[in-house]
Amino acid sequence: MYINGEWITGRSEFPVTNPATGETIGTVPDCTNQDIEAAITAADRAFIEWKKTTPYVRSRLLYRAWELMIRQKRTLAELMTREQGKPLKASLNEVQYGADFLLWFAEEAKRLYGQSIPSARENQRFLVQKSPVGVVGAITPWNYPISMITRKLAPALASGCTVILKPAESTPLCAKAMMEIFEDAGFPPGVVNLLTVQNPEPVGKAFCTDPRIRKLTFTGSTSVGKELNGLAAANMKRVSMELGGHAPAIVFPDADPVHAAKGLSLVKFLNTGQACISPNRIFVHEDHAEPFIRELSSRANRLVAGNGMTEGTGLGPLINELAIQKVDTQVKDAVSRGARVETGGRRLTDGGLSDGYFYAPTVLSGVTAAMKIYRDETFGPVAPVITYRSEDDVIAMANDTDYGLAAYIYSNDIGTAMRAFEALDFGIIGINDINPTSAAAPFGGMKTSGLGREGAKEGLEEYLETKLGGFAI
Ligand code: ADP
């Protein structure tokens, strides 16, 4: 743990496991209530001076952290693959994506503009300034263990907030590596702090109730997000919530089904399906279902599951045993209600995979609204295919979910694509595009997928207060 510029040891520790092999790859301290208190005190004290620094000073430090990240790209990626499981190439991409946030917000820090507003009274002037919200509590997930940290910390630090980070219990080593980067970049003691913990509840509670914490930023499941948001609301905290998703992907009849299947297989099996923007319902026009399913299944079949450090691995493990059980339960439920397994549909244990948490890339056809997988987030390598007849039907089916994070459309007709873009109730829509994300673009969801946006100028606003000065002259 890292509190007030000091590395804290001497606590009881908990192990970190490689999900591909089951091996323990390290241990980290399990924080106590005193550590939580110390971190809040440190961040609160550090805020007094940090908020007075110019955006140029903060920008330089963020820029230095970006440089260090890029220099250590390979080491960070290897650590990520061992701790989280994704193939090394995907880890390298994530480290780059994570670093992008540091660079983007190093630049954006200098554009913390306010405004001057004309008054109706001759002897009055209005001035609006932006000021940092204060101490931020940040809770991050394990599926993107580095980029979810920089996506929160970079804008928080750029705006002049101080931060306490609590990473997921499965991936604290990536968080520790990032803290070392912030330390080496020269952030003053107390500005960035890290609490590692096996049971996240006391930290979550402190973030939502301690009066010194002004803002909670959370990425994780909708159920935990709702709980924390309730507690934060009772204490009038600012919140940003990036929660679950259940992304529809619509292949319109004018699109090439083979091209669409290629794109959707890439995004579906990315990170073994463990992404909140992973397609969870793939709608294909009934006339094109056959070539689409054939291509999707053939691509799923060709993916090599294994240890992400091995060259040629296309699909890493799931994070743990519970994740395997969840995926398997959804597949079994779908099959019992009439879905057909086109490929996969089982745990993988042969070829040295038995010590890890591997599930075969799976394609299900004949999926209907009566199945669990139609409504529940899978977070695994399962592509459920549903057929439809008309544009109106498919838009209604796509919107029929409590979630509203990402959606995907394949169409070569500008009118169809624009109508769908406007009719879909989702925060991020990829149009013939399977990667509609960037540090420069707002990421976030509607409905139970969350509150607020990360990245882009919207991402900075999340950490700012608006202060109005009315001057009688
Ligand atoms: P997942 O099911 O994908 O692991 P979670 O929402 O459980 O999603 O976890 C996301 C993050 O939220 C992790 O950092 C985890 O430790 C944290 N978390 C889970 N439960 C709580 C809680 N009650 N209070 C605070 N943080 C929590």
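N432 is partly exposed in this predicted model. Its relative accessible area is 36%. The residue sits in the loop that links β21 (428-431) to β22 (446-447). Phi of N432 is near 55 degrees, a positive value in a residue other than glycine. Most residues other than glycine have a negative phi.

N271 also has a positive phi, about 55 degrees, and is likewise not a glycine. This asparagine belongs to the loop between α9 (257-269) and β13 (279-285). N271 is buried, with a relative accessible area of 6%. N432, at 36%, is partly exposed.

The ligand site was examined next. The shell around the ligand holds 16 residues, of which T140, W142, K166, E169 and S221 come nearest. Three polar contacts involve ligand oxygen atoms and T140, W142 and E169. For E169, a polar side-chain atom lies 2.5 Å from a ligand oxygen. For T140, the partner is a polar backbone atom, at 2.7 Å from an oxygen of the ligand. W142 places a polar side-chain atom 3.0 Å from a ligand oxygen. On its own, the ligand has 550 Å² of accessible area, and the protein covers 79% of that area. Two or more residues of the shell come from each of α7, β10 and α8. By class, the shell comprises 8 nonpolar, 5 polar and 3 charged residues.

Helix α7 also contributes to the packing of the protein. This helix spans residues 201-209, and its buried residues are V203, G204, A206, F207 and C208. These buried residues pack against two helices, α1 (33-50) and α8 (222-234). They also pack against the strands β7 (135-139), β8 (162-166) and β10 (213-219). Both β10 and α8 thus recur, as packing partners of α7 and as elements of the ligand shell.

Cysteine pairing was then assessed. A disulfide is a covalent bond between the sulfur atoms of two cysteines. The count for this model is 0 disulfides. C174 is in no disulfide, and the nearest cysteine sulfur, that of C276, is 17 Å away. The cut-off for a disulfide is 2.5 Å between sulfur atoms, so a separation of 17 Å does not qualify. C174 counts as buried, at 0% relative accessibility. C276 is in no disulfide either, with the sulfur of C174 as its nearest cysteine sulfur. C276 also counts as buried, because its relative accessibility of 16% falls under the 20% limit.

Key. Residues are numbered from 1 along each chain as its sequence is written. This is a predicted model: local features need pLDDT of at least 70, side-chain atom pairs count only at pLDDT 80 or more; totals for chains, interfaces and linings use all residues. Side-chain values use heavy atoms; hydrogens and water are left out. Buried means under 20% relative accessible area, exposed over 50%, partly exposed in between (1.4 Å probe, protein chains only). Helices (H or I, at least four residues) and strands (E, at least two) are DSSP runs, numbered from the N terminus. Contact means heavy atoms within 4.5 Å. A residue is near a molecule or strand if one of its heavy atoms lies within 4 Å of it. A polar contact is a pair of N or O atoms within 3.5 Å; within protein, one must be able to donate a hydrogen and the other to accept it, and residues adjacent in sequence count only if both atoms are side-chain atoms. Accessible areas come from the Shrake-Rupley method with a 1.4 Å probe; for residues, only the protein chains shown count as cover. Ala, Val, Leu, Ile, Met, Phe, Trp, Tyr, Cys and Pro count as nonpolar, Asp, Glu, Lys and Arg as charged, and the others, Gly among them, as polar.
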